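Me: Could you take one part of this model and walk me through it closely, along with whatever surrounds it? I'd like a connected account, please, with the cut-offs spelled out as you go.

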Amino acid sequence: MASRSLFDLNPLLAYAFGKAEAEWLLLYPAAPKPFLVATHRSNQEQQALYDQPRDKKDNDGDGQVDEKDEFVSNARAGQSPHNYLPSYAFDIAFRNSKGATDYNLKWFVDFARLVLKTPGITWGGNFKSIIDRPHFELTDWEKLVRK
Ligand SMILES: [Zn+2]
């Protein structure tokens, strides 16, 4: 399972998440609360995600094998900003007062507005190809890992 630790996250991203979370609690005290779903993800876990639509397994437990909604990532091992330590990306979700996870689009849009006050971060909700609203990454992460 991917790490959910803030300590496995690039310091600028950790700062931006923490600041946005604090602002969120002040601005929207009754709304579901943001939490980290993933920071660092190992190469092995990344490859398993990539392979989901072609691994002949029922990954989402709906009785179907390799159907469309098992596609979750087009990044192979080492190609995702999550595969570095500290991670150059984090994914979030929201939890309501009853403890249920909430993926309502509105929360992601509002939270992204707070995260993006910190310069140098790209939101997956603004991606051109595969929109990924739970995802935030360091804009220039590829330049940092290129050798
Ligand atoms: Zn992500």
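Reply: Let's start with strand β1 (residues 33–38) and β2, which run antiparallel and are joined by five bridges. Within this pairing, Pro34 stands opposite Phe94 of β2. Strands here are DSSP runs of E with at least two residues, helices are runs of H or I with at least four, and both are numbered from the N terminus. Two strands count as paired if DSSP finds at least two bridges between them.

Two notes on the source before we go on. This is a predicted model, in which local features need pLDDT of at least 70 and side-chain atom pairs count only at pLDDT 80 or more, while totals for chains, interfaces and linings use all residues. Residues are numbered from 1 along each chain as its sequence is written, and side-chain values use heavy atoms, with hydrogens and water left out.

Back to β2 (89–95), which has further partners. With strand β3 (residues 101–102), β2 pairs in the antiparallel sense over two bridges, and here Phe94 stands opposite Asp102. Five residues lie between the strands of this hairpin, and Gly99 there has a positive phi near 90°. With β5, the pairing is again antiparallel, over three bridges. Here Phe90 stands opposite Phe136, and Asp91 stands opposite His135.

How covered is β2? Six of its seven residues are buried, where buried means under 20% relative accessible area, exposed means over 50%, and partly exposed lies in between, with a 1.4 Å probe and protein chains only. Its partner β5 (135–138) is covered on both faces: His135 and Glu137 are buried on one side, and Phe136 and Leu138 on the other. β5 also pairs with β4, in the antiparallel sense and over three bridges; Leu138 of β5 is the bridge partner of Ile121.

The pairing of β2 with β5 leads us to the metal. His82 (NE2), Asp91 (OD) and His135 (ND1) coordinate the zinc ion at 2.0 Å. Distant parts of the chain are linked this way, since His82 sits in the loop between α2 and β2 and His135 in strand β5, 53 residues apart. The donor residues follow the spacing H-x8-D-x43-H in sequence. Donors are N, O and S atoms within 2.8 Å of the metal (3.2 Å for Na, K and Ca), and sites may look incomplete because water is not among the atoms. His82 and His135 are both buried.

Several residues of β2 also turn up in the nonpolar core. The largest core has 25 residues, and those touching the most other members are Trp24, Phe90, Ile92, Phe94, Phe111, Val115 and Phe136. At least two residues each come from α1 (11–27), β2, α3 (105–115), β4 (121–123), β5 and α4 (141–145). A core here is a set of buried Ala, Val, Leu, Ile, Met, Phe, Trp, Tyr and Cys residues joined through side-chain atoms within 4.5 Å. Trp24 ties in to what we have already met: beyond its neighbours within four places in sequence, its contacts include Pro34, Phe94, Trp107 and Phe111. Contact means heavy atoms within 4.5 Å.

β2 and β5 have a part in the largest pocket too, which holds about 850 Å³ of space. It is lined by 33 residues, and Arg41, Val72, Ser73, Asp132 and His135 are the closest to its centre. β1, α2, β2, β5 and α4 each give at least two residues to this lining. On a 1 Å grid over the protein atoms alone, a pocket is an open set of points where a 1.4 Å probe fits, with protein on both sides within 12 Å along at least five of seven lines, and lining residues have an atom within 4 Å of a point. Points are joined across faces, edges and corners, and the volume is the space filled by probe spheres set on them.

Finally, the loop leading into β2 from α2 (43–51) contains Pro86, and a cis peptide bond with omega of about 0° joins Leu85 to Pro86. Lys56 lies in that loop as well and has a positive phi of about 60° although it is not a glycine. Most residues other than glycine have a negative phi, and most peptide bonds are trans.
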